[in-house]
Amino acid sequence: MKKIFSVLVLTLFIVACSSSDDTPTTPNGGESFDRAGMLRNLADNLIIPAYQDLSTKLNALGTSKDNFVATPNQTNLDALRSDWLTAYKAWQHVEMFNIGKAEEILYHFQMNIYPVSTTDVENNIANGNYDLTHPNNNDAVGFPALDYMLYGIAATDVDIIEKYDTNADASKYKNYLSDLIDQMKLLTQEVVSDWTTVYRDIFVAGTSNTATSAANKFVNDFIFYYEKGLRANKIGIPAGNFSTTPLPEKVEAFYNQEVSKELAIEALNAVQNVFNGTQFGGSATGESFKTYLTFLDRVELATMINNQFNTARGKIQELNANFYTQVNTDNTKMTQAYDALQAGVILLKVDMLQAFNISVDYVDADGD
Amino acid sequence: MNRFLTYIQQQTNAAPLAVFRVGFGVMMCYGIIRFWVHGWIESIYLDPKFHFSYYGFEWVQPIGEYTYLIFAICGLSALFVALGLKYRLAIVTFFLSFTYIELMEKTTYLNHYYFISILSFLMIFLPANATFSVDNLIRKKRYQHIPRWTIDAIKLLLGIVYFYAGLAKINSDWLFKAQPLKIWLPSKYDLPFIGNTLMQQDWFHYAMSWSGMLYDLCIPFLLLYRKTRLFAFALVVFFHVFTRVLFPIGMFPFVMIVGTLIFFDAGFHEKVIAFIKTILHRFLNINTTVIDTISTYKIAYTNFIIPLVVTFFTIQLLFPFRYLLYPGELFWTEQGYRFSWRVMLMEKMGNTTFKIIDKKTGAFFYVNNGDFLTPLQEKQMSFQPDFILEYAHYLGNHFTSQGHENVGVYVESYVALNGRLSQPFIDKNVDLYQQKESFKHKHWILPFNDEIKGF
């Protein structure tokens, strides 16, 4: 026994002497991070206000739709389109919050699945008999379907208005347009009221480090959205990063032809606001992933993540307002924007997740 | 040599090995049922499109719905082992079926599964059914004594597991950075009482690291000496229960707690047997009077078995050091990491994306790993070079068979180890489709930007 101990002590001594540069640091005073505070800030200052804002803007969209349906003319079409874009931008601030009621009712699958299937849309219109909530219709509803209805159903504005006005099927087009927007309003209202009545408290209380807790799910959802909804859907897929040839017709708001960049920038801003805990529509910040990393003594990582977001934004700013045009003229710039976003994936998914040591929701097996 | 031969002849009470056999069989049977009930047979062996294999064992694959049959056989044979019913056949069946299960999918590699495999292999050669077994009833004879080395062999194997696990903890990350406990413990904030207090304390992370290392190194010796044995066993129970609370390590803690009982005196085990017998007698009326009690059990084929067991242990002692044959940081390259009792030693995460290139035209696209791998597979693949290589070949074959031409498979991989910033892991200019798996050093693993000293 004695021998073993002396050998052991000697070994330790040698190791100790040879690694003097590893100075341990004390990141905190012994209290754990205020997760409830982070969830409270997210719920009260970011998520609920963003959903309420979307709801308001969808109501405005509903009003301008009513006007257009009553009087299909250029003025009303312009107003409708403008409200569509405003609501679409508001949507970019909630798309990552696929949690609670939104997850339960498959809200996200009914709001922004693109590219839209114009065949499905036209079939629905022709039949006049459809269940918009059906999974088969996920690519025939929501903002992308409106994109088609407002910009894509005919070549010129005059022809588009004609579809809703003098066309033999005008009433069918009007009905579909109405039903689409009413459905979006309805779904959004359901999510908002759930947040404001019951889910807010459940969310804030979900601080535990388990696969199903709100805190862990939120972190996972956030990263998933950044990787899939933002990086892949908006940039990577149209640029052909996942296919043998570029697929420019898969850009967001394809028929509008001039806002795919605006929407992508909006989405990136929303991501960065969540990361920094910046309140919706304001500049005050609260507990967030950033302060969590700071608490864990990983300020440098938080800074790197913000820098990477900024770099990616710079790359996206360089692109054409219409990604479709960008892919067809100079796709290299698209893939550069993708690479900048991808570098962010590494920092979030590898470094930040390791720092948080989140129990991931999809892995269910014993560890060593 | 003479001393060795005398040692081989020494006899000891057969009870401890019998109790060990019962405990082992019961826990393995429960372990198989637990695995089944969790739905892991389906999610780990049936759902994936493709399985990660051990080098040289690519032929070991799940066999569709019949995979359930392998588990059934494995669970049943464990039960037979516990009963001591057709023991030799049962333990051979258990060893083969359990090892087959583990070889089917590398993603689920755990040190304790490896431990079960080699332990069951060793048990094939031990007379664990000499007493307190159904075989005694069938053959109408039981044995009071068995060769002492058969019990010592199990003690030695347990000792190796602990001691090598302790050696592996003697490294600068573990001892002087308290990594990875510094990452793991604070995330246990929702434990009652200690979650928000101890788990967040810097000194506690160090205390846990150091005591964990000392525990692993010392426990085999503390268990061997009669005076410290009870204390040591209390430590074993405390340590394993505590780690079970902290980490999702399944059955392992209980296997070790029950396993270390073998260090106790025969008297203790005879009491255990007597206790189980009184319970059994309440339900069963077994006539044991017809059983002959024979004093000593003679092992057949000792000329074959002794050299085999000696070889087995020589390999066990040397194998964990094979990492010395490879250049680079072991934690980074993981060349020689497995099968070496490196348990809960590092926090490693990666993100690895594959690029399929037409090497003639230069056209490329990225692979969505989710199209081919389960989340668990993707997680494990992302930071282990042999996984990355095997998957690269799978992708290369897949896309070639889809009609893509001049396929090259390149990888962009970033890995973070023990809380360091992530850094590039694999040389992105190497076509992995052209690299072959072997025991040689994988030169396409990029060097680790830091140094970890120690074992």
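Here is a friendly exchange about a predicted model and the words used to describe it.

Me: What makes chain A a part of the model that the predictor is confident in, on average?
Reply: Confidence is scored per residue from 0 to 100. Chain A averages a pLDDT of 91, and 89% of its residues score at least 70. One stretch stands apart: over residues 1-29 of chain A the pLDDT is below 50, though that stretch still has 27 contacts in the model beyond near neighbours in sequence. Where pLDDT is low, the coordinates should not be read in detail.

Me: And what are the scores for chain B and for the complex?
Reply: Chain B has a mean pLDDT of 95, with 100% of its residues at 70 or more. For the complex, the predictor gives an ipTM of 0.89 and a pTM of 0.90.

Me: How do you know what kind of secondary structure chain A has?
Reply: Counting its elements gives 14 helices and 0 strands. Read from the N terminus on, every element in the run is an α.

Me: How many domains does chain A have, and where are they?
Reply: The domain assignment gives domain 1 (33-207) and domain 2 (209-357). Their centres, taken over C-alpha atoms, are separated by 22 Å.

Me: How do you know that domain 1 of chain A touches domain 2 of chain A?
Reply: Two residues are in contact if their C-beta atoms lie within 7 Å. By that test, 31 residues of domain 1 of chain A are in contact with 33 residues of domain 2 of chain A. On the domain 1 side, the elements giving two or more residues are α2 (35-70), α3 (74-91), α6 (142-152) and α8 (170-205) of chain A. Of these, α2(A) gives the most, with 10 residues. Sorted by class, the domain 1 side has 16 nonpolar, 9 polar and 6 charged residues.

Me: Why are α10(A) and α12(A) called roughly antiparallel?
Reply: Start with the value: helix α10 (residues 260-276) and helix α12 (residues 299-317) of chain A pack at an angle of about 175 degrees. Angles over 145 degrees count as roughly antiparallel. The angle is above that cut-off, so α10(A) is roughly antiparallel to α12(A). The axes of these two helices are 10 Å apart.

Me: Which residues of α10(A) and α12(A) meet?
Reply: From α10(A) come Lys261(A), Ala264(A), Ile265(A), Leu268(A), Val271(A), Gln272(A) and Phe275(A). They meet Ile305(A), Phe309(A), Ala312(A), Arg313(A) and Ile316(A) in α12(A). By class, the residues of this contact divide into 9 nonpolar, 1 polar and 2 charged.

Me: Why is Ala102(A) called buried?
Reply: A residue is buried if 20 or more other C-beta atoms lie within 10 Å of its own. Ala102(A) has 25 such neighbours, so Ala102(A) counts as buried. You can find Ala102(A) in helix α4 of chain A. Leaving aside neighbours within four places in sequence, Ala102(A) is in contact with Phe97(A), Tyr107(A), His108(A) and Val191(A). The C-alpha atoms of Ala102(A) and Leu187(A) are separated by 8.5 Å, although these residues are 85 apart along the chain. Across chain A, buried residues make up 47% of the 368 residues.

Me: What makes Ala178(B) and Glu334(B) worth a look?
Reply: Ala178(B) has a positive phi of about 55 degrees although it is not a glycine. Glu334(B), also a residue other than glycine, has a positive phi near 55 degrees. Ala178(B) is in the loop between α9 and α10 of chain B, while Glu334(B) is in the loop between α16 (330-333) and β4 (348-358) of chain B.

Me: Are Ala178(B) and Glu334(B) buried or exposed, and how do you know?
Reply: The cut-off for buried is 20 or more other C-beta atoms within 10 Å. Ala178(B) has 22, so Ala178(B) is buried. Glu334(B) has 22 as well, so Glu334(B) is buried too.

Me: Where are the cis peptide bonds before Pro115(A) and Pro180(B)?
Reply: The bond from Tyr114(A) to Pro115(A) is cis, with omega near 5 degrees. Pro115(A) is in the loop between α4 (101-104) and α5 (118-127) of chain A. In chain B, a cis bond joins Gln179(B) and Pro180(B), with omega about 5 degrees. Pro180(B) is in the loop between α9 (172-176) and α10 (181-184) of chain B.

Key: Residues are numbered from 1 along each chain as its sequence is written. Chains are lettered from A and ligands numbered from 1 in the order in which they are written. This is a predicted model: local features need pLDDT of at least 70, side-chain atom pairs count only at pLDDT 80 or more; totals for chains, interfaces and linings use all residues. Domain bounds come from an automatic or database domain assignment. Helices (H or I, at least four residues) and strands (E, at least two) are DSSP runs, numbered from the N terminus. Ala, Val, Leu, Ile, Met, Phe, Trp, Tyr, Cys and Pro count as nonpolar, Asp, Glu, Lys and Arg as charged, and the others, Gly among them, as polar. Axes are lines fitted to C-alpha atoms, for helices over the stretch in contact, and angles run from 0 to 180 degrees between N-to-C directions. Angles under 35 degrees count as roughly parallel, over 145 as roughly antiparallel, 65 to 115 as roughly perpendicular and the rest as oblique. A residue is buried if 20 or more other C-beta atoms lie within 10 Å of its own, exposed if 12 or fewer, and partly exposed in between; C-beta atoms are placed from the backbone.
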